[in-house]
Structures are given as C-alpha cells and as structure tokens.
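Biologist: Before we discuss any assignment, could we look at the model together and ask what each descriptive term rests on?

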Amino acid sequence: MTPSMATIDPRPSPLHQTLARQVQRARLPDGGVDVDRLLALVSETYAETDVDRRRTDRANRLMAEELEEALSKSALQNVRFKAALDNMNQGLALFDPAGRLVLTNQRFLDIYRLSEAPAGLTLDQTLERSPCLSIGTPTAQRRLIREYHDIASDPGAKIEQRWPDGRTITIERNQLVDGGFLDTVADVTEARNASAQIAHLARHDALTDLPNRTLLHERLAEMMRNARRGDRCAMLCLDLDRFKLVNDTLGHPVGDALLVAVADRLVALVRPHDVVARLGGDEFSILVQHVTSDRVVKQLCRRIIETLTQPFEIAGHHIQIGASVGVAMGTVEALDPDTMLRDADLALYRAKRDGRGNYRFYTPDMHVFATRRRELEIELRRALNSNEFEVHYQPQINIETQTVVGFEALARWYHPERGVITPGEFISVCEEIGLIGAVGEVILMRSCHDAACWPENVKIAVNLSAVQFKSGTLPALVARALRVSGLDPRRLELEITESVMLEDTASVITQLKEIKRLGVLISLDDFGTGYSSLSHIRNFPFDRVKIDQSFVRELGTNSDSLAIVRAVTGLCSSLGIMSIAEGVETLDQLNILAAEKCDSAQGYYYSRPVPLAETGPFVSRMAALHSVAA
Amino acid sequence: MWSKRINGGNPTETFPASPDLVIVFAPTGRFADTGFRDDLVHRYHDAFLIGCSSGTMVEDNRLDDDAVVILGMGFAKTRLKLAVQPLPSPDCSFATGVALAQELADETLSGIFVLSSGLNVNGSALVAGLRSGVGDGVALSGGLAGDGPRFADTRVLARGECLSNGVAAVGFYGEHVRFAHGSAGEWQPFGPVRTISDANESEVGGLDHEPALALYERYLGEEAENLPASGLLYPLEIWDPVRPDDRVVRTLLAIDRDKGTLTFAGDMPQGWKARLMRGIFDDLVGGASTAAQHAADHAGTWGVAPSACLAISCVGRRLLMGQRTEEEIMAVSAVVGSDIALAGFYSYGEIAPQNVTGVPCLHNQTMTITLIGECE
C-alpha cells in the first residue's frame, strides 16, 4: 500500500469514503498501512456490496414476478369485469371530474344506438351522436340532452325520459369520491307499458273493457268535484233476465260473448259523458250525468229494456234475454256514491220481484224492506242453530173413501218474539241466502222421523225447493233421511213445483230418477199456475199432480177454473197419474172434485195443518167416521 | 454541564471531572465479565452507572463491534435518579414501565433515559407503562439492548449488576436540563400490496392466503437460514385499509418454522394491508441525517449548545448496510458537529418521541437521536 492511497478524495462516492475509512483503520502506529487488514476490510466490503446487489436483484426479480402475476390477474379481472358490465341490464357511463367520458358498457351503447363512445367525449358530445335522440325535432333533442345534462348532483338523482322512438328511459346519477360521476341508464319501456296496462286492468272489466266498480267510483267522485249547483244524476243498476240459463245451456263462451254484445248495445244507448260499467256477472250500471228530468231517465230505462230484449245472434244461437233496471236519482253535490249504488240496487231488486223486464225508481220504503230482510236473514241463521223450526202436518184425504192417505209437511218457524211464521214469509229468503239446504234438511229429516210413527198406509208429502237440486246431493239426503227414520220409501212423497223443471232440466231429471229408484214418490205441485207445460208431465213419470188452490177456490164460481180442474184430472186419469186438490174449504168444492174424479183433497174443509201430536187422533177419527159410514 | 466519550479499552482515557452519570455500551461478553463490571463500579463509584449490550457500538463518527464506549456527563444544576426494575417476561412490560415511572415520578422530572434488556420484552408496552406514570410532558428516550445478529443474550448494567431481564432508567430533574430528539427510518415499501389474511395479535400466519414464512424465505433466498435476524432486512409496512394514510412499520422478531408463522414487534391485525420494505443505503443514511437534523433544529432553540448526543439505531440497518453502516453515523456526526460527545449503539428497538406529535413510542428500523444539554 502506498501512502498516496490515503490521499484519495473520498467525496466522489460513498464507497470512496468507505475506502478512506478502511485505510484509516488499517493504519499502523508508524503511519504505514497494514495491507492485510486493509485487504480484509476491502474484501469484506466487496462481499457486502455483492450480497446487497444479490438481495436487490432477487427482490427486484421476485417483485417483478409478483407484479406480473398481479397484472395478469388484473387483466383477467378486467376481462371478467368488462363481461359483467356488458351483460348488465342497465347502461353505465363513467365520467371523470372534468365531465369527460371514461368508459361505457355495451348496454349503454345499445340503448343510445351508438356504435362507439370514445373516452374523452363530454356528455353532450356523446348524446349528440345518438340517432335515438336526433330522430325527433331539434328542439326535442336539445331538451332531452339538457334534461340529462342537468341531473341534480344529489346522490341517486334520477330522471325519466320519453324518447322520440317511443321508449321510456330512466337515468340515474351517482357522484364518485374523485369528483367524477357514474350514470346508470335503463330502458323501462316494457315496465311502464305493463304498469299502464295493469292500471287499466285495475279499472276496467277484462271481458267487456267497460269501467269496473273502481273506475265507476272514481268517475262519481270526479263528477262530484266538477258538479254545478243543482246538477242531478241517475245511477242505473241493471241485471239480465235469463242470463244464467244462457250460460248453463250454451256454455260460458257464448255467455261471455253475450255480455260483450250487451255492453256494446248499452254503450250505444248512452251519451259520451255517461258511464256504462260492469260490476260483475250480468250486473251492469250506468251513471247518467246532467239529468234534466225523471222522464228522460224513464225513457232511457225503457230503451234499455227494449234494446236488450231484442234477440242476439251469438255463435249461431238465437238468444232472447231481457233486463230489469233499478234507478236511484240524486243531486250531485249531496251525493254519496255508495248510498246511490245501494239504492239503485234495491230498486233493481224490487223491479225483479215485481216481474222481470221492469224498471223501478228507488223509494225509501225499499230501504225499510231491505233492512227488514237483513234482520230476517240474521234471525233465520240464529233460528237454524236454535232449532226454532217445527213441522206441522195437513192431512190429505181420499175423496172416495174419506180416509187419511197422507199428510203434507209444512214448516213452521216458532219465532221467540213474533210467534209462528209461515213458510211463505221465510222460505224465499232462505233460498236467496243459501239457507234452504240446511232448513230443507231439517224439515225432511223431521218429517220422515214423524211419519215413521203413523199407520203404514199413511204417507208423508214433503215440499222441495228448486234450489235444493243445485248441489246434486239431494238423492243422498233423501236416502239418509229414509235410513235414519226407517220409513218405507213408498210412504215418502216429494213435491216439486214446475219451476224446478225449468232449471237445469237434465240434472233435475237425473236426481229425480235417482230418488224415484229409491222407491220414493214424486208429485208435481201447484200445477196450472206456471208454465203448465205438458212436456213436464211427459218428461218425467210423476206419481201425482197437485191442482193449485187458486183453481179449487174458484170452483163453483168460475167456469174457467172448473175447466182447468177437469182437464188436469182427465189428463191424470188417462196417464194413470194420481191427482190431488189443495185448498179445499167447502163441501161444494169437495163435491165438484169428487164429480171430476179427483183422487184426493186437502184443505181447511178437513183440517188446518196440525202439530204431530194431533195427527194420530185425526187418522183415528177419520177411520172411525169411515167405518161408521161403511 | 460537561460530557465526554472515552474508549473503555484504553485505561489512559479519563474524564475531566468526576461524572454524575456514566453510560456504557459494550459487547454482551464484556458485561458478562465480572472483572469488567467491578472495574467500572470502582472507577465510577460516585456516578450513576448504567449501560447495555450491543453488537455494534457508536464511537464518535465510527462504528466498532468490539469497542467499549463510555459516555460520562457532569451536571451543574440537574439532579439525577436511577430506577431499576426486573422484567421477568414480556407480559410484565407494562407493569415494569409503571413501576419505573412510580420510582422516578416527581414534579421536577424533566426527562428519562431508559435501557432495557432486548429479548423477552414488549417495548411498546414498556413505553406505555412509563408514559402512563409520568405523562407525555416528560422527555423519554433510550433503547433495547442488542446482541448483533445473534439474538441470543442481551444485558443491562445497573448498580453494578448485569441484568438479562431488567430495565434501568435515569431520571433528569430540574428546569435546566434540555432534551431534543429526532427519529427516521426511510425504508422504502416495494412490491405488491398484500393483505394480512391470517394473524393472531403479533403472530402472522398468512399474507394473501400464502404462508407468511414462505414469503420471507422466498425473498431472503439463502439468507433465510439466518432468520429471524435476516428478516430485519425486510420489515413490513402495515395499515388499516380504511385509514390508508396512517401507516406503521413492523420488524420481524421471531419465527416458528413448525407453524410457518412470523412474530413481529407489535400487533398485526388481520385484514390490514401490508407491504414489504427494503433499505436503500443512501435513503437510510439520508434518514439518519434527517433524524439528527430534527433534533439539532430543536436544540437550536435552547440558547446553549447540546453537550451529549446519544445515537441509537436499529440492528436491522447494521445488518443490511454492513461496513457502510458507518455512513449513517457519519451523517449524524456531520449534523451535530464534532464538539459534541457522540455515543450510541445498535439496538433491538429504539425509544424516542415521534417527530410530529412528540409522543414517545417504540420505533422499528430507525435511527433515533437524543441530544442533552443544560442551560444556565
């Protein structure tokens, strides 16, 4: 080592400084340098530098490898991310803080029908390229761009646009932390159309497209809001006569087509501002506005009835129906929509009760009547649970032998406050409210049970309602009543009216035949009062025909009645069917019936309907009289 | 106040007067030598005598792995007090800190210089214990004893005893004594940002679902056989992803090859982000200069020149830079000047106030500077 080494300027680099320090450390007390020590120190530095270089190289290589791997993962992630973005339902557009486009997904391009949207464009520049916005007027295009441009910067600010091509588009903006923003664009055309359709369906009848009850109420409310002082209106409720028959016999498709045709005729009858609505089934209502007089409304009612009575030609069928109409009138400003509809409905009920093909205007007594009926309904349901129904029996006498051949069962309702109530006052209500099945069952079971105690030659006649045939379970009920009571089926006679035969004839005939196969007798009640179709007697082998009391009452005073009685008894005689006359009150009537060969009779002449306890003594008394006479 | 650093290996070097405080830094083996200790006690029987072991001593602007560096200080108006506490296990670190603080606490207490054994200690807890007892108004600095790359045996000298598990702290009292501090690491994060995927307190099992030990072994290559010491070459910068600006440096302390885990000098919350760091020589040297400058700037406000400079640097820096480590101490010396008594050691953990907040804490991988002076 030469002394000159110690004079090397260390400043050029740290390693030179190190060398200078190493020389100092290797310096000997005599000023010379310990070369071996110096070389060892220098060698050590070389080694350390080498180690550091290797460390650095290694770290750099590993870091590069890791970063490369991360980058390839990131690239793959970007591919996936782009695929995810492009497959979103919403369009996305990302803008930087300067409002320059950073990226869009494919859906954004699709919605705006853009082939590309280069990064760096402003929002306005991007939108101006869209053919969807430019197909409208220049003003519309500018408005749509301005609306989008001006979306508020609140988080989640959203606008909805209707585009010139008919689409509905929503645009939502979200601010980003870097000051940029992300817009989400969605084509909601289908959803909006569906919403509109749903809103329409919610307010219209799906079959006829007429307003439904909801829209009718809205129109009523609207009318009240816009009413002039003293303005009057009418609410018509109408119901098609015999519509059910059309549905049942010709099928629902024909029934539906008929309803559509009815709707068309009704709409053609009213003025544009009147509202024809379908409330359900065959129920329609018409809101007539600006009514000047009752006469106009009456005229409309007549035209409605007349128009709907004109035959319809549906699917090759010639269909004849009719209509009943109920009317409620009112001053618009004092109107209560619910009350008005209810009043019209009550008037309709009255129109139908008074014979179909009618119209009636609401009067307050209808409400009283309806209230009374509602009370009756409540009481009837209670009565059924409290066993308030009893059966009385009216004897039926063989006119020739003057012996008791049977009793007709007649229901009695022992009302805890109002006393005994006869069937005429409650059976029809039971039919309407669906209680007739339960009440009829009670009567039939009780009658069979009671009749089982009578002498074997005494029958029991029980009336059936047309409604009781609807469920199709009547034969089973009859079989059960016979089984429970042990009554000989030949001692049970079921009376049906002609109206039963007018209902679903095939089903009724099937059930009647089934009942008859049990051995039970079937008789036709009230013959002569209704349709008196001979085909009914021919279609079913009735065992007995009952001549209605209206004819019997007039025997001796009205020759027409005598002619009818004679015709019926003659018909029965020739067909081998037994006959019975009801409502016999005098000996003269009885003598005429005897002369006309009527087989048996019942009525006050012999006895009122009596409780069970009195039936036995009555049979005995009549038997005693017979034996005395014999 | 006077200060002087002398070479303990040269019996001819002496102090100008009887010192009040003597701080000795020497290799572990010297402290284990009873004769050495007895000689020190004999020579400085009137002074508070403390010291600690290290693999490398700072002696003025030089480093020496074998030197015995003795720093003597005499104070005119400052009272001193020595507190010594055992530290049987890392779990006791906080309690030990509290006990030391209780011994020293006094309303005139101005600063504390603390030396702790370097293994089996939770340095953060020790500092927290001291702070809890004396408050943040008291200047606190010092370090954990070292043992070079061996991590086998560290010692603390106090009251003539040589403790393997103990802490010595000197309290400085009165309004005349002055302290100035600086610290800097300047390690540079590199490579991918990772996530601590498996960790329990300070023990890390996985980074990005890869065994943490495997990652270190890959980066260290053949030097992995020197773990955990070689792990100091790659400290970890960690941060809570929700507070990315608040980052701390964690040094590897121990490994468990069976479990494949690494234990760091502080908590490693699972889910936090982590990034490897490495030292670029020039950056580390620049960091040492920055630390010294920070302290010097503060001392410039005293109106009196600092008398002593204690430079305590991390053994990781020594391991990385080798002979060139001396450059960082030269950089410090260049800042504080040649008139000051400069001494120090390479430690297993540095204690000094944070530059910004002034709150004392345990540092990792840093150069820390403590300047001491006394005003009239």
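**Helix packing and the sheet of chain A**

Modeller: In this predicted model, helix 12 (residues 337-353) of chain A packs against helix 13 (residues 364-385) of chain A at an angle of about 85°, and their axes are 9 Å apart.

Biologist: Why is helix 12 of chain A called roughly perpendicular to helix 13 of chain A?

Modeller: Angles of 65 to 115 degrees count as roughly perpendicular, and the angle here is about 85°, so helix 12 of chain A is roughly perpendicular to helix 13 of chain A. The contact is made by A:Leu346, A:Ala347 and A:Arg350 of helix 12 together with A:Met366, A:His367 and A:Ala370 of helix 13, and these residues divide into four nonpolar, one polar and one charged.

Biologist: What makes strand 7 and strand 12 of chain A edge strands?

Modeller: The open sheet has five strands in the order 7-8-6-11-12, with mixed pairing. Strand 7 (275-280) and strand 12 (359-361) each have a single partner strand, so one side of each is left without a neighbour in the sheet.

Biologist: How do you know that strand 6 and strand 11 of chain A pair?

Modeller: Pairing requires at least two bridges, and strand 6 (residues 232-241) and strand 11 (residues 322-331) of chain A are joined in the antiparallel sense over 10 bridges, so the criterion is met. Within strand 11 of chain A, A:Val325 is the bridge partner of A:Leu238.

Biologist: Which strands does helix 11 of chain A lie across?

Modeller: Helix 11 (residues 294-309) of chain A lies across strand 6, strand 8, strand 11 and strand 12 of chain A, running at about 160° to strand 11.

Notes. Residues numbered from 1 in each chain as written. Chains lettered and ligands numbered in written order. Predicted model: local features only at pLDDT ≥ 70, side-chain atom pairs only at ≥ 80, totals over all residues. Axes fitted to C-alpha atoms, helices over the stretch in contact; angles between N-to-C directions. Helix = DSSP H or I, 4+ residues; strand = E, 2+ residues; numbered from the N terminus. Parallel < 35°, antiparallel > 145°, perpendicular 65-115°, else oblique. Contact = placed C-beta atoms within 7 Å. Nonpolar A, V, L, I, M, F, W, Y, C, P; charged D, E, K, R; others polar.
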